[in-house]
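User: I would like a close look at a single part of this structure rather than a tour of the whole. Please explain how its strands are ordered and paired and what packs against them, and give the cut-offs behind your terms.

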Amino acid sequence: MSDFVGAVDQGTTSTRFMIFDHGGNEVARHQLEHRQILPRPGWVEHDPVEIWERTRTVVEATLNASGLSARDLAAVGIANQRETTVVWNRRTGVPYANAIVWQDTRTDRIASAHDRSGDGEVIRRKAGLPPATYFSGGKLQWLLESSAALRADAERGEALFGTVDSWLVWNLTGGTSGGAHVTDVTNASRTMLMDLRTLDWDDELCGLFGVPRAMLPPVAPSAHEFGVTAASGPFGAEVLLGGVLGDQQAATMGQVCFAPGEAKNTYGTGNFLVLNTGSDLHRSQAGLLTTVAYQLGEAVPVYALEGSVAVTGAAVQWLRDQLGIISGAAHSEDLARQVDDTSGMYFVPAFSGLFAPYWRADARGAIVGLSRFHTNAHLARATLEAICYQTRDVVEAMTADSGVTLDVLKVDGGVTDNDLCMQLQADILGVPVSRPVVAETTALGAAYAAGLAAGFWRDTAELRANWSQARRWEPAWSQDRRAAGYAGWKKAVERTFGWVDVG
């Protein structure tokens, strides 16, 4: 019997492959970054071929370093950056263009036009999403409108659309030699093209965006037999691809949030707080998204409310790459600890507009409250506080929508290695923050889905038993300091509105 499960975690800035044992413990990993292609202000692209090459490399490197092979894996799962849009040719496997990343804002006029025309209400009712640059449908519309050749191939079914999960599954299962073109319900629910109730592409929604159904992949459950890896691929043999989830839904599984009312917050390029609402499809009135949390085989789907924040960890990356004031993520904590507070400075990193709960495509980043007194240490601390204040914005909206008041916030993702940031999160929220032993819950959740499909784990109760806490932060700020800090943050956010025109 195979003793392990593998997971590809394809994120916004990097791709990793991880192997887990039956207890959900990490056995091995390898990770590589890929390029962030920024051809114009507001445009963010990735090279799909580079992502596929990175995936091949990290799988091979992990297996070689661990001394394991395909026969040691019961199944493999995939978690992926959601909404990022890829189109490629069925016969050649060549992408028609770079992938348009979820952060990209080139479709702001498309989103605004849908909202003004009244299409927005149809999209909200059926897809559970507001018309926004974030989601895949507008990106696909833009690509189809930009190339007559692509449009013609799409109508004939020669051009294939997928989010990154579909691109990887197709390549892993053989590509031009019979690769499976498929997606799962969680990724499909982020396109503005799927009806949340039918869990299938909707003709009316596809019509609004001018998308031919011939280019869309079939929609499958999250734990499902998607196919087997090709012997010519990085595994070198057939392994069941048994799980596919968008990264935040994967993290929800990795944090074992299987009961209604359970929530997690993932800190990566952006922040994503997901609240399990069970089989109830809960419509948000406070700026959150209604989405599919997961579907395990033929079981009924589990829905969620989600608060998506575009830029959190990416703001730390900006300090490193664009400003050059830190050498790495760990340096941001050291620099921020040089001061006790920001002395009234706020940094709102609205580089791609503001997502939940504001949904303001017209916003842009701002640093406010500056005086000559301020230093790079204050900016580093303001960056960490911005991560935490944006999370509070989402928590406030979640409480307004659901009535759920958090007793503790489960956290995961790379930013949780920053102890100061997690302490600030507890201080700003006023509730404890808990990090699990396995902080990379995105990969773990994909592994869980694949393992359930393969029978490696029996049920979600067995997965829940794997979870354990590694670190807990208790709030230390007074209520007055917490209230004053948040009031200043809300003022700072207002200063970012209306900075650009969006149609």
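Analyst: Two strands are taken to pair if DSSP finds at least two bridges between them, and the strands (E, at least two residues) and helices (H or I, at least four) are DSSP runs numbered from the N terminus. The model is predicted, so local features need pLDDT of at least 70 and side-chain atom pairs count only at pLDDT 80 or more, while totals for chains, interfaces and linings use all residues. Residues are numbered from 1 along each chain as its sequence is written, and side-chain values use heavy atoms, with hydrogens and water left out.

The part I have chosen is an open sheet of six strands with mixed pairing, in the order E3-E2-E1-E5-E14-E13. Its edges are formed by E3 and by strand E13 (223-228); each has a single partner strand, so one side of each is left without a neighbour in the sheet. On average, neighbouring strands here are turned by 25° against each other, direction ignored; axes are lines fitted to C-alpha atoms, for helices over the stretch in contact, and other angles run from 0 to 180 degrees between N-to-C directions.

At the E3 edge, strand E2 (residues 14-20) runs antiparallel to strand E3 (residues 26-33), and seven bridges join them. Within this ladder Met-18 has Arg-29 of E3 as its bridge partner. The two strands make a hairpin with five residues between them, and in the turn Gly-24 has a positive phi of about 75°. Moving inward, E2 also pairs with strand E1 (residues 4-10), again in the antiparallel sense, over six bridges, and Val-5 stands opposite Phe-20 in E2.

Helix H1 (residues 48-66) packs on this sheet, where it touches E1, E2, E3 and strand E5 (73-80), and its direction makes about 145° with that of E3; contact here means heavy atoms within 4.5 Å. Another helix, H14 (residues 441-454), lies across E1, E2, E5, E13 and strand E14 (240-246), and runs at about 135° to E14.

H14 deserves a closer description of its own. From its first C-alpha to its last, its 14 residues reach 19 Å, close to the 20 Å expected at 1.5 Å a residue, where the expected span is 1.5 Å times one less than the number of residues. The helix is mostly covered, with 12 of its 14 residues buried, that is, under 20% relative accessible area, against over 50% for exposed and partly exposed in between (1.4 Å probe, protein chains only). Among these buried residues are Thr-441, Thr-442, Leu-444, Tyr-448 and Leu-452, together with the glycines Gly-445 and Gly-451. Just after H14, Gly-455 takes a positive phi of about 80°.

The packing can finally be set against the nonpolar cores, each a set of buried Ala, Val, Leu, Ile, Met, Phe, Trp, Tyr and Cys residues joined through side-chain atoms within 4.5 Å. The largest has 96 residues, and those with the most contacts inside it include Tyr-134, Leu-384 and Trp-489. A second, separate core of 31 residues includes Val-58, Ala-99, Leu-168 and Phe-226; Val-58 falls within the residue range of H1, and Phe-226 within that of the edge strand E13.
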